[in-house]
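Visitor: I would like to know how the labels on a structure are earned. Please take me through them one at a time.

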Amino acid sequence: MVESKRTEAGAGRLVLLVVVAALVAIVALASNQRRDDEGQAAGDVSVGRSAAPGTDVTTAAQRSLVQYWTAEMPKVYQQEFVELAGGFQAKTPQSEAFTCGGRPQTYDDLRGNAFYCGAREDYIAWDAAELFPRLNQQFGSSAPAIVLAHEMGHAIQARAGVDAPSVVLELQADCFAGSWIRFAETSTADPISLTDGALDSAVATILTLRDQPGTAATAPQAHGLGFDRVNAFQTGYENGAERCARFPEQGVVSTELPFRTVTEALTGGNLPYPETVELLSATLNDFWSAAVPRVRPGEAFDAPSLNPTGEDELPACPGDLEQSGLSQYCASTGSIDWLDSHLQLAHERIGDLATGAVLSEAWAEAAQSQTDLQTTGRPAGLQRDCFTGAWLAYLAQGDLPNSQLSPGDLDEALTAIVASSFTDDGRQTDRGGAFERTKSLRAGVFGSLSGCL
């Protein structure tokens with residue numbers, strides 16, 4: 001988060017296929033290693049939020065992907081699908097040396113990664129000793145399947161002769177992965193079946209495989225920030241592979257920017273916690289002062305008083321039966337309360353827009369209460385996520401390079417929402433999971449306030 005326009009350029013380091021430590025730590029801490037009690041579905045192998053035997057998942061995913069693209073390739077690109085000449089290759093430290101593009105490769109070259117090797121070799125390889133087991137344990141059995149679906153997307157591009165910048169190719173592969181998981185979810189003949197939490201885990205996986213904030217979209221190996229990648233994945237899920245195929249011609253959503261000052265690069269674009277609370281509280285008051293009359297003509301927004309607490313629980317609010325999370329709006333006192341030490345921890349682990357997402361939740365509830373909108377239940381909770389997206393769009397003001405947002409801010413807000421979806425509070429509250437909540441956030445970002453009403 002930055003306060004004003006900057007002109008000095010900087011750059012961040014590209015990180016491919018690595019786990020975002022903040023998200024992993026917060027999800028693990030919040031969930032206390034608890035897994036959903038997921039029932040067995042009808043397919044050969046069920047994937048979801050729980051871990052599963054890795055070879056079962058990858059074998060079933062391979063069969064499913066071949067089945068999907070055998071039917072889909074003729075529809076999308078008017079040509080038959082040709083199976084991988086080199087197949088699917090799981091690599092371990094014991095694997096023999098191999099080649100890609102004629103160059104010798106070993107397991108150490110692949111460690112922590114997965115890739116599609118094109119040309120004559122034509123195969124998908126992955127680290128089966130460290131990467132896939134880690135993704136399986138941290139995000140569930142759907143995570144390795146999503147990575148394979150993404151790499152199969154690159155194989156499809158090679159077959160179709162898609163020529164586009166790196167960020168477009170990567171987001172298109174995410175989109176193809178989303179279209180496949182929709183097939184796996186709905187097909188009765190598919191060897192993969194999705195259980196509760198599979199889509200949530202898929203979103204968390206896609207979010208972790210992002211570029212480092214500060215990477216420009218024009219960088220030669222840009223893959224897309226987390227928000228862009230989740231958006232592409234959900235676009236494929238919602239609209240199918242034919243929509244993904246139009247990415248090179250119609251363009252993709254890209255929020256990647258280089259850091260604009262040396263200070264911004266050194267801080268990751270993050271303001272100190274006290275300054276963040278002060279600045280974002282002011283922008284939230286400004287946003288809702290303008291927005292409330294649009295929601296309810298003739299109504300003015302009554303800016304709430306601020307009540308940070310050093311306790312581990314939010315203060316009791318008369319008449320409020322849904323006290324959970326890190327913040328709340330208490331209509332009877334006209335105050336916004338938050339758990340100060342917990343919010344500061346999220347700020348340090350994720351960034352200043354994680355603080356913003358938590359505060360925005362409470363301001364959105366204040367706006368709902370003051371305009372007689374519903375404040376309880378799933379639709380109301382999802383509307384608050386949408387309102388957060390609309391507030392982010394307000395900060396961007398339609399001109400991202402000149403906005404108050406800094407590189408990675410959208411990812412920070414998204415990460416906060418995904419992480420909170422995995423908490424005990426998030427699971428127990430009728431709120432919807434990470435997939436549904438990020439979809440609502442996107443609606444606000446792209447549709448502004450009108451997209452939430």
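Guide: A salt bridge is a side-chain nitrogen of Lys or Arg within 4 Å of a carboxyl oxygen of Asp or Glu. By this rule the count comes to 13 salt bridges. Note that the model is a predicted one.

Visitor: What makes Asp122 and Arg159 a salt bridge?

Guide: The closest N and O atoms of Asp122 and Arg159 are 2.7 Å apart. The limit is 4 Å, so the pair qualifies. Asp122 lies in the loop between E5 and strand E6 (123-127), and Arg159 lies in helix H5 (residues 142-160), so this salt bridge ties together parts that are 37 residues apart in sequence.

Visitor: Why is Asp122 called buried?

Guide: Buried means under 20% relative accessible area. Asp122 has 7%, so the word applies. Arg159, at 18%, falls under the same cut-off and therefore counts as buried too.

Visitor: Why does Arg296 count as partly exposed?

Guide: The class lies between buried, under 20%, and exposed, over 50%. Arg296 has a relative accessibility of 35%, so it belongs in between. Glu299, with 29%, is partly exposed for that reason as well. The side chains of Arg296 and Glu299 meet in a salt bridge, at 3.8 Å from N to O.

Visitor: How do you know that Arg437 and Asp385 form a salt bridge?

Guide: Their N to O distance is 2.8 Å, which is within 4 Å, so the rule is met. The pair links distant parts of the chain, with Arg437 in helix H18 and Asp385 in helix H15, 52 residues apart. Both residues, Arg437 and Asp385, are buried.

Visitor: Which residues do salt bridges that share partners join into one network?

Guide: Asp108, Arg111 and Glu130 are joined in this way.

Visitor: Now the disulfides. What makes Cys100 and Cys117 a disulfide?

Guide: A disulfide is a covalent bond between the sulfur atoms of two cysteines. In the model, the test is a pair of cysteine sulfur atoms within 2.5 Å. Those of Cys100 and Cys117 are 2.2 Å apart, so the pair passes. By this rule the count comes to four disulfides.

Visitor: Why is the disulfide of Cys100 and Cys117 called right-handed?

Guide: The torsion about its S-S bond is about 110 degrees, so the disulfide is right-handed. Cys100 lies in strand E3 (residues 98-100) and Cys117 in strand E5 (residues 114-117), so the link ties together parts that are 17 residues apart in sequence. Cys117 has a relative accessible area of 1%, which is under 20%, so this cysteine is buried.

Visitor: How do you know that Cys317 and Cys330 are bonded in a disulfide?

Guide: Their sulfur atoms are 2.1 Å apart, within the 2.5 Å limit, so they form a disulfide. With 95 degrees about the S-S bond, the link of Cys317 and Cys330 is right-handed. Cys317 lies in the loop between strand E8 (305-309) and strand E9 (327-330), and Cys330 lies in strand E9, so the parts tied together are 13 residues apart in sequence. Cys317 is buried at 6% relative accessible area, and Cys330 is buried at 1%.

Visitor: Is the link of Cys386 and Cys452 left-handed or right-handed?

Guide: It has -85 degrees about the S-S bond and is left-handed. The sulfur atoms of Cys386 and Cys452 are 2.1 Å apart, so the 2.5 Å test is met. Cys386 lies in helix H15 (residues 378-396) and Cys452 in the segment after helix H18 (434-447), so the pair ties together parts that are 66 residues apart in sequence. Cys386, at 4% relative accessible area, is buried, and Cys452, at 9%, counts as buried.

Visitor: What is the pairing when the bonded cysteines are numbered in sequence order?

Guide: For the protein chain, the pairing is 1-2, 3-4, 5-6, 7-8.

Visitor: How do you know that the span of H18 agrees with what a helix should give?

Guide: At 1.5 Å a residue, the 14 residues of H18 should span 20 Å. The end C-alpha atoms of H18 are 19 Å apart, which agrees.

Visitor: What do the buried residues of H18 pack against?

Guide: They pack against helix H7 (198-208), helix H8 (226-239), helix H14 (352-370), H15 and helix H16 (409-421). The buried residues of H18 include Phe435, Arg437, Leu441 and Val445. H18 is followed by Ser448, whose phi is positive, near 55 degrees.

Methods:
Residues are numbered from 1 along each chain as its sequence is written. This is a predicted model: local features need pLDDT of at least 70, side-chain atom pairs count only at pLDDT 80 or more; totals for chains, interfaces and linings use all residues. Side-chain values use heavy atoms; hydrogens and water are left out. Helices (H or I, at least four residues) and strands (E, at least two) are DSSP runs, numbered from the N terminus. Buried means under 20% relative accessible area, exposed over 50%, partly exposed in between (1.4 Å probe, protein chains only). The expected span of a helix is 1.5 Å times one less than its number of residues. Contact means heavy atoms within 4.5 Å.
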